[in-house]
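Reader: Before we discuss this protein, could you show me the sequence and the structure together?

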Amino acid sequence: MNHISLSWLCRVWLLCLLVAPTVAAQYRFDNWTTEHGLPQNSVISITQTRDGYLWLATYNGVVRFDGVHFTVFNRNNTPALGTNRICGLGEDAAGALWMSTIEGGVVRYQHGVFTRFTREQGLPHNNVMMGLRISNTGVPLFFTDAGAVWRRDDSFQPYEVSGTPKDMQIHFGASGTQWLADKDGVTARKNGQATRYPMPITSEAVPGVRCHEDRSGALWLALPQRGLFRLKDGRVTDYNERIRLRLPATISVILEDRDGALWLGTPDSGLIHFRPQAKDKELSKEQDTVTVYSTSNGLPSRGILDR
């Protein structure tokens with residue numbers, strides 16, 4: 001569980017790095033643990049609902065935080081949860097909070113009521129360990145051991161492509177494109193059209209693939225042990241030299257900040273800040289700004305993981 005705790009700490013640190021230049025004098029960053037009311041120090045997923053509450057998924061229940069107090073919901077005080085092992089969170093278009101669990105199906109929190117859904121209610125499998133995603137239109141997509149399913153019209157409906165979380169990774173881009181990575185490459189699905197792009201992805205690597213669509217509509221793709229690639233207008237570009245990443249290397253987190261710079265978390269090489277100086281990222285790399293942060297800069301570990 002240590003890597004999950006580090007993930008939480010590093011996400012806080014990443015946030016500090018992103019906002020510190022402009023708001024350091026206005027905000028204070030605090031660290032909360034079990035001493036302050038958390039049921040455990042490993043936080044698996046975080047989301048903020050439209051009413052302002054922060055919700056935290058842990059393996060000892062789900063937690064609601066109002067900025068001062070933690071309210072813990074577990075199967076002891078909330079039998080409808082059915083399990084304490086919460087691994088994913090997301091809010092749908094109607095304002096309902098959805099939770100994915102390990103071997104406990106999915107749970108909806110709406111109008112103050114928890115409702116659990118399992119195979120008896122149409123879920124293909126009760127293990128939803130790989131979590132959930134919320135589409136651009138606010139529709140939940142759950143990744144079960146028997147395949148991905150949408151929650152639409154009060155029912156579970158199969159995702160358009162069959163497969164389990166071990167077979168494919170799905171990313172919803174801000175442009176409305178659904179990106180699907182599998183052993184055959186990357187597929188862009190939009191407006192009923194699907195375009196396939198060959199990529200060097202092996203079956204074993206699929207679970208570790210990470211995707212991010214930037215503001216230009218380009219897809220950044222991180223492949224286990226093979227580093228970073230960019231897909232734009234049908235062209236795939238290897239970016240490992242430009243970010244000074246020595247292979248074999250893995251990128252576990254990709255985030256684009258408000259200035260268009262990329263923050264890349266790695267399992268063992270620290271945090272990379274990449275700011276291309278050219279307006280077209282395909283142009284000369286001579287003016288790129290690349291900064292690597294590690295334990296010498298204050299990180300608690302060189303490892304930054306997505307989950």
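Author: A residue counts as buried when its relative accessible area is under 20%, as exposed when it is over 50%, and as partly exposed in between, using a 1.4 Å probe and protein chains only. This is a predicted model, in which local features need pLDDT of at least 70 and side-chain atom pairs count only at pLDDT 80 or more, while totals for chains, interfaces and linings use all residues. Residues are numbered from 1 along each chain as its sequence is written, and side-chain values use heavy atoms, with hydrogens and water left out.

Reader: What share of the 307 residues of the protein counts as buried?

Author: By that cut-off, the buried share of the protein's 307 residues is 49%.
The area that the protein exposes is about 15,300 Å², and carbon and sulfur atoms supply 47% of it. The buried share asked for is thus 49%.

Reader: Is Thr 58 buried or exposed?

Author: Thr 58 lies in strand S2, residues 54-58, where strands are DSSP runs (E) of at least two residues, numbered from the N terminus. Beyond its neighbours within four places in sequence, Thr 58 is in contact (heavy atoms within 4.5 Å) with residues including Pro 39, Ile 44, Val 63 and Ile 86. Because its relative accessible area is 0%, Thr 58 is buried.

Reader: Which strands stand at the edges of the open sheet S5-S6-S7-S8?

Author: The 4 strands of this open sheet follow the order S5-S6-S7-S8 with antiparallel pairing, where two strands pair if DSSP finds at least two bridges between them. Each edge strand has a single partner strand, so one side of each is left without a neighbour in the sheet, and these are S5 (86-91) and S8 (113-117).

Terms used
Areas by Shrake-Rupley, 256 points an atom, 1.4 Å probe, with all protein chains shown as cover.
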